[in-house]
Amino acid sequence: MKWLFSFLNSYGMPAMLLFILLEYACFPVSSEIVLPFCGALAARQGVFYPLLILLSAIAGLIGTTLCYGIGRIGGNALLERIMKRFPKTRRGLETSFTYFRKRGAQIVLLGRFIPLCRTYLGFVAGAMRLPLPVYLSYSFIGIFFWNALLCGLGYFLQDNWPMVTSWYTRYKNILLPVLAILLLFLISAKFGKKEGKSLPKKH
């Protein structure tokens, strides 16, 4: 991984956005390592944190849309061939299918916080013909919060981010579902308030 850190250090923000895009396009780049490091590097370079999160979310959206396109064009037959050719992907793809059937479009948002599911979600959403505008909108929200969380670890902790990342990796199977549930609760509460305000008053 030293070459990766060296590359990011040398080329700054363009390199960060490139690797974030690649990670969301299912290249073997771990977000748990890249995003906190990008956050720490951006802080040292004086990059405005909201700008970092916005640009990283756009890069992630482009990457995951490439996966969506492959799934949409190739469909289930292509995913079956991928699972046969690369057996290690089977568990992640099957997990994504299971969550998708249960939750539908909501899993596009929540899946960003679920291990295995988040990696292959784009392929599954494309194969199951989820409308592109729905996929893009839900994906952007999920990617935005995921990047804000992991980039934020590096941005605000800087030199201490490897220690926090190690702790996160150890407990992510517990932490991520809790964060996903909390995020869903906050979004539901926000929309609930809006709907309550829009209801006509009784006379």
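Let me begin with a term: a cavity, as I will use the word today, is a set of grid points among the protein atoms where a 1.4 Å probe fits but cannot get out. The structure above is a predicted model, and everything I describe is computed from that prediction.

With that term in hand, how many cavities of 30 Å³ or more are there? The count comes to one, and the largest cavity has a volume of about 40 Å³. Its lining is made up of Glu23, Tyr24, Arg112, Arg118 and Thr119, and when we ask which helices contribute, H1 and helix H6, which spans 117-127, each supply at least two residues of that lining.

Let me stay with H6 for a moment. This helix is mostly covered, since 10 of its 11 residues are buried, and among the buried ones are Cys117, Arg118, Tyr120, Leu121 and Phe123. Arg118 therefore appears in two lists, as a residue that lines the largest cavity and as a buried residue of H6, where buried means under 20% relative accessible area. After H6 comes Arg129, which sits in the loop between H6 and H7 and is partly exposed at 46% relative accessibility. Its phi is positive, about 60°, although Arg129 is not a glycine. It is worth pausing on that, because most residues other than glycine have a negative phi.

Cys26 also has a positive phi, near 75°, and is found in the loop between H1 and H2. Cys26 brings me to the cysteines: how many disulfides does the model contain? The count is zero, and the pair Cys26 and Cys67 shows the reasoning. The sulfur of Cys26 has its closest cysteine sulfur in Cys67, at 3.7 Å, and a disulfide would need the two sulfur atoms within 2.5 Å, so this pair is too far apart for a bond. Seen from the other side, the closest cysteine sulfur to that of Cys67 is in Cys26, at 3.7 Å. As for their surroundings, Cys26 is partly exposed at 24% relative accessibility, whereas Cys67 is buried at 1%.

Now to the interior. The largest nonpolar core has 29 residues, and those with the most contacts inside it are Leu8, Met16 and Leu52. Four helices each supply at least two residues of this core, namely H1 (2-24), H2 (31-44), H3 (49-85) and H7 (132-157). Apart from this core lies another, of 21 residues, and among them are Cys67, which we have just met, together with Ile107, Phe123 and Ala127. To return to Met16, and setting aside residues up to four places away in sequence, what does this residue touch? Met16 touches Leu8, Cys38, Leu41, Ala42 and Gln45.

I would next like to follow one residue in some detail, and I have chosen Val108, which is placed in helix H5, residues 106-110. Is Val108 buried or exposed? At 0% relative accessibility, Val108 counts as buried. Leaving aside neighbours within four places in sequence, Val108 is in contact with Phe100, Leu121, Leu130, Tyr135, Tyr138 and Ser139. One of these partners, Leu121, is 13 residues away in sequence, while the C-alpha atoms of Val108 and Leu121 are 6.9 Å apart in space. Leu121 is also one of the buried residues of H6.

Another partner of Val108 is Ser139, which lies in helix H7 and is likewise buried, at 0% relative accessibility. With its neighbours within four places left out, Ser139 is in contact with Leu61, Thr64, Val108 and Arg112, and Arg112 is a residue we met earlier in the lining of the largest cavity.

Finally, the aromatic rings. A pair of aromatic rings is described by the distance of the centres and the angle of the planes. The model has six aromatic pairs, and for one of them, Phe144 and Phe145, the centres are 6.0 Å apart and the planes stand at 80°, so the pair is edge-to-face; the cut-off for that label is an angle over 60 degrees. Phe144 is partly exposed at 29% relative accessible area, and Phe145 is partly exposed as well, at 39%. In addition, Tyr49, Tyr155 and Phe156 form one aromatic cluster, and with those three residues I will stop.

Note on methods. Residues numbered from 1 in each chain as written. Predicted model: local features only at pLDDT ≥ 70, side-chain atom pairs only at ≥ 80, totals over all residues. Heavy atoms only, no water. Phe/Tyr/Trp six-rings, centres within 6.5 Å; stacked < 30°, edge-to-face > 60°. Buried < 20%, exposed > 50% of the residue type's maximum accessible area, 1.4 Å probe, protein only. Core = buried A, V, L, I, M, F, W, Y, C linked by side-chain atoms within 4.5 Å. Contact = heavy atoms within 4.5 Å. 1 Å grid on protein atoms, 1.4 Å probe; cavity = no way out; pocket = protein on both sides within 12 Å on 5 of 7 lines; lining within 4 Å. Points joined across faces, edges and corners; volume = space filled by probe spheres on them.
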